[in-house]
Amino acid sequence: QVRLVESGGGLVQPGGSLRLSCAASGRMFSPFSMAWYRQAPGNERELVARIFNDGRITYLDSVKGRFTISGDMAAMTVALQMNSLKPEDTGVYYCNSVRGGAVYWGQGTQVTVSS
């Protein structure tokens, strides 16, 4: 019924910027939180940033000062502005939403930071 769709990934040089966006298709629901995760080849999926419906925001330590998450809980949209990108930021980025007992995931968008 509800599907999360990411966009904005791509290939960028170190020091560059990308903006990821996520939007829900289908029926809209008000989530408890929305977040961005990422997974590099051979690594576990890690939480990059999360925004809660009370306005609280959390970040992975390694992206603090470089990434900014923003969202509209009512519209069920979330974005991630990524600046000063490093090769270690490379991975598949996934949009996530939590509402009650339900957890929703997007299919992911590839971000590659390389020269």
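This report describes the fold, the disulfide, the aromatic contacts and a few loop residues of a predicted protein model.

## Overall fold

The protein chain contains 0 helices and 11 strands. Read from the N terminus, its elements run β-β-β-β-β-β-β-β-β-β-β. The C-alpha trace spans about 40 × 25 × 20 Å along its principal axes. The radius of gyration is 13 Å, which agrees with the value near 13 Å for a compact globule of 115 residues.

Of the 115 residues in the protein chain, 38% are buried. The accessible surface comes to about 5,900 Å², and carbon and sulfur atoms account for 48% of that area. Among contacts with a separation of 6 or more, 53% are made by residues 24 or more positions apart.

## The disulfide

The structure holds 1 disulfide. Cys22 and Cys95 are the residues it joins, with an S to S distance of 2.0 Å. The link between Cys22 and Cys95 is left-handed, with -85° about the S-S bond. This pair connects distant parts of the chain: Cys22 belongs to strand E3 and Cys95 to strand E9 (residues 91–99), and the two are 73 residues apart. Cys22 and Cys95 are both buried.

## Aromatic rings and Arg45

The whole structure contains 3 aromatic pairs. In the pair of Phe32 and Phe52, the ring centres are 5.6 Å apart and the planes stand at 75°, so the arrangement is edge-to-face. The pair links distant parts of the chain, 20 residues apart: Phe32 is in the loop between strand E3 (18–25) and strand E4 (33–39), while Phe52 is in strand E5 (residues 46–52).

How exposed or buried is each ring residue of this pair? Phe32 is partly exposed, with a relative accessible area of 41%. Phe52 has 13% relative accessibility and counts as buried, because buried means under 20%.

One aromatic cluster is formed by Tyr37, Tyr94 and Trp105. Arg45 is placed against two of these residues. Arg45 lies over the face of Tyr94, 3.7 Å from the ring centre. Its charged end also sits over the ring of Trp105, at 4.7 Å from the centre of that ring.

## Residues in loops

Four loop residues are set out below, with their positions and relative accessible areas.

| Residue | Loop | Relative accessible area | Class |
|---|---|---|---|
| Glu44 | between E4 and E5 | 72% | exposed |
| Gly65 | between strand E6 (57–59) and strand E7 (67–72) | 84% | exposed |
| Met76 | between E7 and strand E8 (77–82) | 1% | buried |
| Ser84 | between E8 and E9 | 40% | partly exposed |

Two of these residues have an unusual sign of phi to check against the model. Met76 has phi near 55°, a positive value in a residue other than glycine. Met76 is in the loop between E7 and strand E8 (77–82), and its relative accessible area of 1% makes it buried. Ser84, likewise a residue other than glycine, has a positive phi near 50°. Ser84 is found in the loop between E8 and E9 and counts as partly exposed at 40% relative accessibility.

Where does Glu44 make contact, once its neighbours within four places in sequence are left aside? On that basis Glu44 is in contact with Arg38 and Gln39. Glu44 itself is exposed, with a relative accessible area of 72%. Glu44 and Gln107 are 63 residues apart in sequence, and their C-alpha atoms are 16 Å apart in space.

Gly65 is exposed as well, with a relative accessible area of 84%. Its C-alpha atom is separated by 13 Å from that of Lys86, a residue 21 positions away along the chain.

## Summary

The model is a predicted one, and its protein chain has 11 strands and 0 helices. A disulfide between Cys22 and Cys95 links strand E3 to strand E9. The aromatic features include the edge-to-face pair of Phe32 and Phe52 and the cluster of Tyr37, Tyr94 and Trp105. Arg45 lies over the face of Tyr94, and the charged end of Arg45 sits over the ring of Trp105. Among the loop residues, Glu44 and Gly65 are exposed, whereas Met76 is buried.

Methods. Residues are numbered from 1 along each chain as its sequence is written. This is a predicted model: local features need pLDDT of at least 70, side-chain atom pairs count only at pLDDT 80 or more; totals for chains, interfaces and linings use all residues. Side-chain values use heavy atoms; hydrogens and water are left out. Rings of Phe, Tyr and Trp (its six-membered ring) pair if their centres lie within 6.5 Å; planes under 30 degrees apart count as stacked, over 60 as edge-to-face and the rest as tilted. Helices (H or I, at least four residues) and strands (E, at least two) are DSSP runs, numbered from the N terminus. Buried means under 20% relative accessible area, exposed over 50%, partly exposed in between (1.4 Å probe, protein chains only). A charge sits over a ring if NZ of Lys or CZ of Arg is within 6 Å of the ring centre and within 35 degrees of the ring normal. A disulfide is a pair of cysteine sulfur atoms within 2.5 Å. The radius of gyration is taken over C-alpha atoms; the globule rule is 2.2 Å times the number of residues to the power 0.38. Contact means heavy atoms within 4.5 Å. Accessible areas come from the Shrake-Rupley method with a 1.4 Å probe; for residues, only the protein chains shown count as cover.
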